[in-house]
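Subject: Structure handover and findings

Hello,

Here is the structure for you to look over. My notes follow below it.

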Amino acid sequence: MNSSDQSRFQSASDQARRNMDDARRRLHGAGDQLGSRAGDALRGVRGWSSRHLPGGERTLWVAVGLILLVIFIWTILPGDQAGGPGFRQNGPQPVGVAKAVRGDIDITLNALGTVTPLATVTVRPQVSGQLLRIDFQEGQLVKAGDLLAEIDPRSFQAALDQARGQLARDTAALNNAELDLKRDQALYAQKAVSQQVLDTQTALVKQDQGVVMADKAAAETAAINLGYTRIVSPVAGRVGIRQVDIGNYVTSGQTTGIVVVTQLEPMSVLFSIPEDNVGEVVTRLRAGDTLRADAYDRSQAEKLATGKLSAVDTQIDTTTGTVKLRALFDNTDGALFPNQFVNIRLLVRTDRNQVVVPAAAIQRGAEGIYVYVITPQNTAMMRTITLGPQQDDRVAVLKGLNPGEIVVTDGADRLSDGAEVTIPSGPKADASVVAAQNATAIPATERARAERRAKLMKACAADIKKYCASSQGFAVMKCLRDNVGKLSSECQTSLRSMSGGHGGHGGGLRIHG
């Protein structure tokens, strides 16, 4: 490269460097200008918020945060959630259903209980001596009177023999005294002996009789003590772990027993119920009724045994307001173990021939307790009901529902009164039974209102989706009334047709304007 080329290259390099510096200055100027404009805008927003909003700038940013949160929730929630896209879709809603049937409901009292044996006996020696034999296996089932252990009997046998010998000697002396008395009585009759001699002999006979009686008692005591050397089980049950070994010297009434025997059949359970329920239980017992008691495990998943109530305590525990009861169980399978914790269900009575539905069908709201009943036109009709007692997942309906009617058990949260439904699978309503019972159980005016509501819901489906998407049940009707001026002409016509000339509680609407 010659000098001219070097000069041109150097000139081009200087020009490129100047261009880069100029571009860098322009970029910095633009950034400063943008930052200045953003700062001016932020200061303007702050000034506006301080002049027009109660809380100033803080209120503004809280409002912006809430708007962003609503947009976020609207975006992520699925279509069937409140406020999400697709809520209250047009067309039938799929639901799960069940049929109302006649059935029996058991009225039970639930309580916590403890398995308590009727007899738990610590077998202790009643005489002192060396333990010669143990005649049981630990954990063995024994009967009352079965031999458990033996104590050395030799000294007790000797004491019995001695007592019997003494009894024989004194019995002979008594017999001799009685013979002398007879002779003295005969001589006294002949005036051969004095009255004093006769009285002395009579007293001697009575003295010998007392000695003989004492000897007999001593012999019986010795025999009893000899029998105590054979230790037997006082009750039928299961023996536990032995407390002494062969060869040990045991004493009468010692603290440590030979073994503990626990009665297992029958087995009792002690439990308590509130004092408010005692009256009905006692009344049933006095009438001679048998109250069934079921024992369940700790989780109440498995029934262990079935027995009956046997006794009620005589007083109320003032500290807890409860009364203690005892239930007896055969326990032939050994399902109940001493001191085991169980749950007791005491059957107080059974309500027969009740209208029964699954508990999942019961809905609660501002209107009270209600169910959705499926009509023959496959629409959901809201029906207020009166509930009775509940057993597990079955509930008795005292008023408002007939056997054979179909109620919604799944999907009720997506329904409103009069909404169209589809049943993928499940029971079908017995139309003849329902029609016959509805004719007497449900007034004609109520059925007419239900039909008009169904037509109204169909005509106003689009308006409900637009204005009343967050309303449920009877609140839909109130929402339509509040927005009557915004509704479509078809919906307004249906509303006026429903309200014209029809009063009643919640049946019609009064349309103004």
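Two strands pair if DSSP finds at least two bridges between them. Helices (H or I, at least four residues) and strands (E, at least two) are DSSP runs, numbered from the N terminus. This is a predicted model: local features need pLDDT of at least 70, side-chain atom pairs count only at pLDDT 80 or more, and totals for chains, interfaces and linings use all residues. Residues are numbered from 1 along each chain as its sequence is written, and side-chain values use heavy atoms, with hydrogens and water left out.

Sheets

One open sheet has 4 strands, in the order E4-E11-E9-E6. Its pairing is antiparallel. Strand E4 (120–123) and strand E6 (141–142) are the edge strands, each pairing on one side only. Inside this sheet, strand E9 (residues 237–239) and strand E11 (residues 259–262) run antiparallel and are joined by 2 bridges. There, Arg-238 stands opposite Thr-262 in E11.

Another open sheet of 4 strands follows the order E8-E7-E5-E10, with antiparallel pairing. Its edges are strand E8 (230–232) and strand E10 (249–250), and each pairs on one side only. Strand E5 (residues 129–134) runs antiparallel to E10, with 2 bridges between them. Look for Gly-129 opposite Val-250 in E10.

Strand E21 (residues 394–399) has two pairings to check. With E16, E21 pairs in the antiparallel sense over 4 bridges. Val-355 stands opposite Val-397 of E21. With strand E20 (residues 386–391), E21 also pairs in the antiparallel sense over 4 bridges. Gln-391 has Arg-394 in E21 as its bridge partner. E20 and E21 make a hairpin, with 2 residues between them. In that turn, Asp-392 has a positive phi of about 55 degrees.

Salt bridges

Side chains of opposite charge can pair when their charged atoms come close. The cut-off here is a side-chain nitrogen of Lys or Arg within 4 Å of a carboxyl oxygen of Asp or Glu. The structure holds 13 such salt bridges. I describe some of them below, with burial classes. Buried means under 20% relative accessible area, exposed over 50%, and partly exposed in between (1.4 Å probe, protein chains only).

Which parts does the pair Arg-349 and Glu-280 tie together? The two side chains meet in a salt bridge at 3.1 Å, N to O. Arg-349 lies in strand E16 (residues 341–358) and Glu-280 in helix H5 (residues 278–286), so the pair ties together parts that are 69 residues apart in sequence. Arg-349 counts as partly exposed because its relative accessibility is 34%. Glu-280 is partly exposed too, with a relative accessible area of 37%.

Arg-292 and Asp-294 also meet in a salt bridge (3.3 Å, N to O). Arg-292 is partly exposed at 35% relative accessibility, whereas Asp-294 is buried at 5%. Elsewhere, salt bridges that share partners join Arg-133, Asp-135 and Glu-150 into one network. Within this network, the closest N and O atoms of Asp-135 and Arg-133 are 2.7 Å apart. Asp-135 is partly exposed, with 22% relative accessible area. Arg-133 is partly exposed at 46%.

Rings

Ring pairs come next. Rings of Phe, Tyr and Trp (its six-membered ring) pair if their centres lie within 6.5 Å; planes under 30 degrees apart count as stacked, over 60 as edge-to-face and the rest as tilted. By this rule there is 1 aromatic pair. Tyr-370 and Tyr-372 form it, edge-to-face, at 5.7 Å centre to centre and 85 degrees between the planes. Tyr-370 is buried at 9% relative accessibility. Tyr-372 is buried at 1%.

A charge sits over a ring if NZ of Lys or CZ of Arg is within 6 Å of the ring centre and within 35 degrees of the ring normal. The charged end of Arg-345 sits over the ring of Tyr-296, 4.1 Å from its centre. Lys-191 places its charged end over the ring of Tyr-188, 5.8 Å from the centre.

Surface patch

Patches are made of residues with over 30% relative accessible area and no salt bridge: like charges are joined within 9 Å, nonpolar side chains (Val, Leu, Ile, Met, Phe, Trp, Tyr) within 5 Å. Accessible areas come from the Shrake-Rupley method with a 1.4 Å probe; for residues, only the protein chains shown count as cover. Val-64, Ile-67, Leu-68 and Ile-71 form a nonpolar surface patch, with about 360 Å² of accessible area together. Ile-67 is found in helix H2 (residues 57–76). Ile-67 counts as exposed because its relative accessibility is 52%.

Best wishes
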